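Here is a short guided tour to read with the structure open beside you. We will go through the sheets, then the spaces in the fold, and end with some backbone details.

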Amino acid sequence: KHFDSCPVLYSAEIGLFYLIYYICLAAFWGLLLYIFLLTVDLDRPTYNSYVGRPGLTAVPLAKYSMIKYSAANNNDYAKYVEQLQAIWDSLDPANQTEGYVDCSNGTAPPEGSFCRFDRTSLGEFCVPPDFGYNQRKPCVFISLNRVVDWVPEDYEPGEIPEEVADSYKPGNIAIKCGSYKNKKPEQLGEGTRIYPYHGVPFHYFPFMATTNVSRWAGYIKPYVAVRFDLQAKEEDIKVQCKTYTATIEPLNGMYDTKFESVVAFSFHLTKEPAHLEL
């Protein structure tokens, strides 16, 4: 009996040792996690890596950034219009009531509030139901990506880039769209327009990060609508849009790299059947 009880006692001692060991290990790990969380701001990232300036996003999104369709066939461009319609609906004034204020006078919103975005500023042509796709003058919605605490600034007198000399207005982020690197400007007609003409007002920035899901969802990204007057058929029409503001470059993150806030994409008007030609 004495020998039979030894293995049981030994196993109990080993089990007790590991129980105490893992409890102490868990307590030590929990203490380290608690100390670490004391150094972290839950409402914003501690480090932004190299992402110190916002890039641009263009909607509708398309495979290989190629918006290909026939203007005479609404089924052909429906997938693009649906994306634009979703953004248009999200900007409905009914979705911007409680917690939203009018910032059209150029003032920043009070703490805890957001600026309303007036979708009528996107122009008279970039509207439902077809957003210009039925007239070979398709619209694209352009927005700046969210970058925490980034604040745009005006150019100093005499430093305004020539490309936006006519459209630049202090207090706004200018957007310039045209032929990609100006290689084939003849592919775009005089009907190409940007709305609002002066770009995005400063009062929508900075974007304040938060772990509050409702506040995160409440922030409405400002958009610029671009109507492209396509002049070429059955060939690729590559275009680009670029951001202009004094604090868009150079990059201020971990890497000392030249940075341009640019988005490029292409259009392609396919051949239209004779019975569907505009």
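## The five-stranded sheet

β10 and strand β11 (residues 262–269) run antiparallel and are joined by seven bridges. To find this pairing on screen, start at D236, whose bridge partner in β11 is H268. Please keep in mind that this is a predicted model.

The β10 and β11 pair sits inside an open sheet of five strands, ordered β2-β11-β10-β6-β8. Pairing in this sheet is mixed. At its edges are β2 (66–69) and β8 (200–201), each of which pairs on one side only.

## The four-stranded sheet

Another open sheet has four strands in the order β1-β5-β9-β7, and here the pairing is antiparallel. Its edge strands are β1 (56–59) and β7, each pairing on one side only. From one strand to the next, the twist averages 25°.

Within this sheet, four bridges link β1 to strand β5 (residues 139–144) in the antiparallel sense. A handy landmark is L56, which has L144 of β5 as its bridge partner. Helix α2 (residues 74–90) packs on the sheet and touches both β1 and β5. The direction of α2 makes about 55° with that of β5.

## The largest pocket

Which strands help to line the largest pocket? β6 (172–179), β7 (193–195) and β10 (236–244) each supply at least two residues of the lining. The largest share, five residues, comes from β6. You have met these strands already: β6 and β10 belong to the five-stranded sheet, while β7 is an edge strand of the four-stranded one.

The pocket has a volume of about 700 Å³, and 26 residues line it. Nearest its centre lie E163, K176, C177, G178 and I194, so these are good names to search for if you want to bring the pocket into view. By character, the lining divides into 10 nonpolar, seven polar and nine charged residues.

## The cavity

How many cavities of 30 Å³ or more does the structure hold? There is one, and the volume of the largest cavity is about 70 Å³.

Its lining is made up of L144, N145, R146, V147, W150, F205, F207, Y219, K221 and P222. These residues divide into seven nonpolar, one polar and two charged. L144 links this part of the tour to the four-stranded sheet, as the bridge partner of L56.

## Backbone details

Most peptide bonds are trans, and most residues other than glycine have a negative phi. Against that background, a few places in this chain deserve a look. A cis peptide bond joins Y195 and P196, with omega at about -10°. P196 lies in the loop between β7 and β8. The bond from F205 to P206 is also cis, with omega near 5°, and P206 is found in the loop between β8 and α3 (213–218). F205 also appears in the lining of the largest cavity.

Y64 offers a further point of interest: its phi is near 60°, a positive value in a residue other than glycine. Y64 is placed in the loop between β1 and β2.

## The annotated transmembrane region

Residues 19–40 carry the feature "transmembrane region" in UniProt, in an unreviewed entry. What does the model show over residues 19–40? The chain there is 91% helix and 0% strand. The end C-alpha atoms of this stretch are 32 Å apart.

Methods
Residues are numbered from 1 along each chain as its sequence is written. This is a predicted model: local features need pLDDT of at least 70, side-chain atom pairs count only at pLDDT 80 or more; totals for chains, interfaces and linings use all residues. Side-chain values use heavy atoms; hydrogens and water are left out. On a 1 Å grid over the protein atoms alone, a cavity is a set of points where a 1.4 Å probe fits but cannot get out, and a pocket is an open set with protein on both sides within 12 Å along at least five of seven lines; lining residues have an atom within 4 Å of a point. Grid points are joined across faces, edges and corners, and a volume is the space filled by probe spheres set on the points. Ala, Val, Leu, Ile, Met, Phe, Trp, Tyr, Cys and Pro count as nonpolar, Asp, Glu, Lys and Arg as charged, and the others, Gly among them, as polar. UniProt positions are given in the numbering used here, feature names are shortened, and annotations may be inferred rather than shown by experiment. Two strands pair if DSSP finds at least two bridges between them. Axes are lines fitted to C-alpha atoms, for helices over the stretch in contact, and angles run from 0 to 180 degrees between N-to-C directions. Contact means heavy atoms within 4.5 Å.
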